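This briefing is meant for a reader who is meeting the structure for the first time. Please look over the sequence and the model, and then follow the points below topic by topic.

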Amino acid sequence: MAVIPIIIPTPERPAAAIARRAAEWAKLSRTPWRELRRMQDALVRRLVAERVHPFSAHYQRVMREARVDPRSIKGVDDLRRLPFTTKHDLLQAASDERTRRDFVLQPTPELVKRHWPLHKQLGLLSKAAKEELRREYTPNFVTFTTGRSSEPVAFAYTPHDIDALHKVGGRMLDVHAIDDPQARIVNLFPFAPHLAFWQASFAGLETGRFVLSTGGGKVMGTSGNIRLVDRIQPQALIGTPGFLYHLLRQAQEEGKRYSKVERVILGAEKVPPGLKRKIAEVLAEMGSERAVVSGTYGFTEARMAFSECPTGHEHSSGYHTYPDLCVFEVVDPESGEPVKDGEKGELVYTPLDGRGTTVLRYRTGDLAIGGVSTEPCPWCGRTVPRIHSDLRRVSDQRALNLTKIRGTLVDLSAMGSILSGIAEVVEWQVAIGKLHDDPMELDVFTVRVSLKPGADATQAKEKIRRELHDSLEVAPNAVEVHDGARMLELLGMETELKEKRFLDLRPKA
Ligand SMILES: [Zn+2]
């Protein structure tokens with residue numbers, strides 16, 4: 001009787017797994033761009049032919065209607081033959097019980113049989129392989145979009161996607177150069193089913209770094225956060241720009257020393273350049289002269305986030321992407337045609353290795369002023385494509401960030417950048433209302449601020465008025481100065497998930 005040897009595979013040890021994934025990324029992120037693009041072409045082919053077309057009800061319909069043969073998509077350049085996916089498409093699918101899961105990849109035995117090549121089907125003969133496929137594609141985690149203008153849209157992750165979220169977390173810490181394995185990190189993002197919180201938490205789980213998640217201001221108040229940071233004395237702080245700045249200022253007023261902080265990582269919102277400098281100044285006063293403040297870019301639909309590498313505050317490296325996990329196209333927002341390398345355009349996103357909720361050619365609505373660069377990063381030398389850090393909302397009247405004040409179209413995020421950048425301003429809020437609350441009356445535009453101790457209120461008001469007028473061609477009707485405590489109340493810093501920077505109090509006509 002023949003003896004069948006039984007081989008029990010030894011599971012990879014955690015430390016070895018971390019080291020292997022870090023080494024993979026180190027190699028990938030320094031591979032010449034041409035090679036990376038060839039790899040992306042192969043990944044696009046498999047993505048469309050083997051996963052999205054067979055298993056996504058939405059894209060099967062879209063490709064049928066557009067008469068695109070999935071096998072004709074042979075690389076990144078062919079993606080443009082597919083229609084864009086918009087926020088509207090996602091909302092529409094989510095609004096109906098029958099289409100709610102149309103963006104989720106759902107392989108069934110029939111679909112596999114119909115769409116997969118025979119050799120791939122043969123791989124599924126064993127019970128274990130079938131179970132593996134089921135696990136790979138069955139959602140077990142969800143985050144939601146946070147737009148206030150529309151219903152939240154759910155984005156499902158499967159164990160495969162959760163693994164990618166871990167992997168990306170590790171890569172982010174690497175790009176931010178948080179190299180010390182003993183480094184302690186405090187995650188101040190609000191505890192919520194939102195990408196930012198989980199991306200930061202998983203970064204620690206992936207790398208074995210210590211990450212304490214406080215849940216932000218709403219969970220334990222500013223003072224609770226200050227006390228914890230004081231106790232932990234972390235090397236890195238991660239959170240939203242507004243809450244992090246507020247926390248550091250208050251801690252500094254209380255005489256705390258956060259001298260070990262080397263990195264401040266801002267996320268979930270646009271990072272005004274003036275704010276990076278202000279945060280670094282406060283930290284310098286608290287004993288940390290070397291702190292580098294960096295931004296990240298991420299959005300729910302991407303199910304991952306991208307980091308800037310450390311530079312001085314006057315510079316930005318751009319956001320480093322992961323060429324094996326996603327591809328960004330840059331298109332003219334009007335015509336939808338691709339722009340030249342490094343030119344301004346709207347970012348269009350396609351994940352290359354996703355399961356769960358999967359989009360193809362998703363229009364982010366984010367305009368990258370310097371486009372996407374495929375030149376090696378001048379600061380860290382990585383060769384991965386980098387998204388220019390100056391991001392605006394596409395000039396779309398429907399976009400939440402643009403509003404008309406007294407007939408002038410105003411970019412609210414630009415207004416936020418200006419107010420954050422004024423040295424005397426500590427906190428700010430913008431309120432737009434109507435005279436006498438009458439929908440037919442003129443808009444009344446009020447800026448509310450708290451000021452640095454010792455700042456001259458009259459001069460600061462004049463400066464705010466002038467800077468807004470010079471940049472945006474609209475000046476506030478009033479600038480109100482409030483004390484710090486009142487401003488925090490107005491902003492909902494400790495009561496809201498996200499502080500209220502812009503209030504549109506205009507009654508709907
Ligand atoms: Zn870099």
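How many bridges join strand β5 to β6, and do the two strands run parallel or antiparallel? Strand β5, residues 236-239, is joined to β6 by 4 bridges, and the two run parallel. The model is a predicted one, and the points below start from this pair of strands before turning to another sheet and to the two domains.

**Strands β5, β6 and β7**

- Within the pairing of β5 with β6, Gly239 stands opposite Leu266 in β6.
- β5 and β6 also belong, together with α11, to a β-α-β unit that is right-handed.
- β6 pairs with strand β7, residues 292-299, in the parallel sense as well, over 4 bridges, and here Ile265 stands opposite Ser294 in β7.
- From β6 the chain crosses through α12 to reach β7, and this β-α-β crossover is right-handed.
- In strand β6, which covers residues 263-266, Arg263 and Ile265 point one way while Val264 and Leu266 point the other way, and all of them are buried.
- In general, the side chains of a regular strand alternate between the two faces of the sheet.

**An open antiparallel sheet**

- An open sheet of 4 strands follows the order β10-β11-β12-β15, and its pairing is antiparallel.
- β10 (326-331) and β15 stand at the edges of this sheet, and because each has a single partner strand, one side of each is left without a neighbour in the sheet.
- Neighbouring strands of this sheet are turned against each other by 40° on average, with direction ignored.
- β10 is joined to strand β11, residues 345-351, by 6 bridges, and the two run antiparallel; within this pair, Phe328 stands opposite Tyr349 in β11.

**Two domains and their contact**

- The domain assignment of the protein gives domain 1 as 14-104 + 139-394 and domain 2 as 402-504.
- The C-alpha centres of domain 1 and domain 2 lie 29 Å apart, and the contact takes 17 residues from domain 1 and 15 residues from domain 2.
- On the side of domain 1 that touches domain 2, the elements that give two or more residues are α10 (217-232), α11 (241-253), α12 (273-285) and β15 (391-393).
- The residues on this side of domain 1 divide into 6 nonpolar, 6 polar and 5 charged.
- α11, which takes part in the unit with β5 and β6, and α12, through which the chain crosses from β6 to β7, are thus both among the elements listed for the side of domain 1 that touches domain 2.

How values were computed:
Residues numbered from 1 in each chain as written. Predicted model: local features only at pLDDT ≥ 70, side-chain atom pairs only at ≥ 80, totals over all residues. Domains from an automatic or database assignment. Contact = placed C-beta atoms within 7 Å. Nonpolar A, V, L, I, M, F, W, Y, C, P; charged D, E, K, R; others polar. Pairing = 2+ DSSP bridges. Axes fitted to C-alpha atoms, helices over the stretch in contact; angles between N-to-C directions. Buried ≥ 20, exposed ≤ 12 C-beta atoms within 10 Å, placed from the backbone. Right-handed = clockwise from strand over helix to strand, strands pointing away.
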